[in-house]
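Reader: I'm new to this one and would like to go through it bit by bit. Can I put some questions to you while we look at it?

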Amino acid sequence: MNLEGKVALVTGEGMGVGEAIAERLAREGADVVIDNRARGYGPGVLRRVRATGRRGVFLQGALGTVGDDFRMVAHGIEAFGKLDILVNHAAMEKQADFWNVSEAEYDAVLRGNLKGVFFATQAFVRHLRENKRPGKIINISSVHEELPAPRFSACCISKGGLRMLMRSLAIELAPLGITVNNVAPGAIETPPLNSRLLDSPDLLRALLDHIPLNHLGEPADVAGAVAFLASPDADYITGATLIVDGGLLWNRAG
Ligand SMILES: NC(=O)c1ccc[n+]([C@@H]2O[C@H](COP(=O)([O-])OP(=O)(O)OC[C@H]3O[C@@H](n4cnc5c(N)ncnc54)[C@H](O)[C@@H]3O)[C@@H](O)[C@H]2O)c1
């Protein structure tokens, strides 16, 4: 197992991608701290983590204010005595015509998707720096860190910002032995996406037409990429985006 003795914090673990990441990191040997702003997600993911034989702890808290971000990381450290891996997975999206996006919607998306990542990462880096230990930061971005999407402007700028944050930190944190990378999913089969597509076979067909591998991704596809970037096999990789999209991004962008 690649991650024996490591402790990972996964933010915003949900039903699909986040749960798969938490379970996969545990299967690789890590103990896992899980955070979500919604309390209901805890029991299911903890069952999956503990079934691997590893320890798991669930913290409830919304990211996006400095105080909450620092507190969440501090509680994560308290849980198992340290953190080695941070997976910034929490995010939300608002689909709306640009001219209708409200200030509250803009703030909610940018606060959770970018400011929360910034300050949770800052707290994590301070912890590693104080203890003179290396670490791994993996952000779950999106093909929309690169690909424009009408009616998703707030989400797109949050993911584009995440790409630049990752690249900047990769350089700044390399002397501390901390690597920083993004995993950029395309269309992954998760409950919200599923329900939208299952309601509309035409939408699904149109989407699949853009995906060269001609099927949706699974949460496990994203989790595998995260586990690789968290592992010693990726020790020499920093400042990279690993795209997990069946070819969608460059097919659309090309
Ligand atoms: N599903 C896809 O097709 C897809 C595609 C591209 C990128 N992604 C990215 O993958 C990740 C997971 O996507 P998903 O579809 O599983 O989403 P999801 O909505 O199921 O999971 C996100 C979870 O984060 C939590 N969350 C949101 N904001 C939070 C905050 N500020 N603090 C704490 N918790 C918060 C939510 O409660 C939710 O459970 C996200 O970063 C998303 O942008 C997903």
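Reader: Is D31 buried or exposed?
Author: Keep in mind that this is a predicted model. D31 has a relative accessibility of 5%, and the cut-off for buried is under 20%. So D31 counts as buried.

Reader: Which side chain makes a polar contact with the side chain of D31?
Author: D31 sits in strand β2, residues 31-36. Leaving aside neighbours within four places in sequence, D31 is in contact with K6, V7, A8, R54, R55 and F80. The polar contact, at 3.4 Å, is with the side chain of R54.

Reader: Which are the edge strands of the open sheet?
Author: The sheet has 7 strands, in the order β3-β2-β1-β4-β5-β6-β7, and the pairing is parallel. From one strand to the next, the twist averages 15 degrees. An edge strand pairs on one side only, and that fits β3 (56-60) and β7 (241-244).

Reader: What stands opposite N88 in β5?
Author: Strand β4 covers residues 85-88 and strand β5 covers residues 135-140. These two pair in the parallel sense over 4 bridges. Opposite N88 you'll find N139.

Reader: Over what arc do the buried residues of α2 lie around the axis?
Author: Helix α2 (residues 42-50) lies across β2 and β3, and runs at about 160 degrees to β3. Its buried residues are G42, V45, L46 and V49. They're on the same side of α2, because the arc they cover is only 100 degrees.

Reader: And what covers those buried residues of α2?
Author: We've just placed α2 across β2 and β3. Both of these strands are part of the cover, which also includes α1 (17-27). So the names to look for include β2, β3 and α1.

Reader: How far apart are the C-alpha atoms of A96 and S153?
Author: A96 is in the loop between β4 and α4 (103-130), and at 14% relative accessibility it counts as buried. Not counting residues up to four places away in sequence, A96 touches V101 and R151. A96 and S153 are 57 residues apart along the chain, yet their C-alpha atoms are separated by 8.2 Å.

Reader: Where in the chain is confidence lowest?
Author: The mean pLDDT of the chain is 95, and 99% of its residues reach 70 or more. Confidence is highest in strand β6 (residues 178-185), at 99. With a mean of 73, the lowest is helix α6, residues 191-198.

Notes. Residues are numbered from 1 along each chain as its sequence is written. This is a predicted model: local features need pLDDT of at least 70, side-chain atom pairs count only at pLDDT 80 or more; totals for chains, interfaces and linings use all residues. Side-chain values use heavy atoms; hydrogens and water are left out. Buried means under 20% relative accessible area, exposed over 50%, partly exposed in between (1.4 Å probe, protein chains only). A polar contact is a pair of N or O atoms within 3.5 Å; within protein, one must be able to donate a hydrogen and the other to accept it, and residues adjacent in sequence count only if both atoms are side-chain atoms. Contact means heavy atoms within 4.5 Å. Two strands pair if DSSP finds at least two bridges between them. Axes are lines fitted to C-alpha atoms, for helices over the stretch in contact, and angles run from 0 to 180 degrees between N-to-C directions. The arc is that of the directions from the helix axis to the C-beta atoms. pLDDT is the predictor's confidence in each residue, from 0 to 100.
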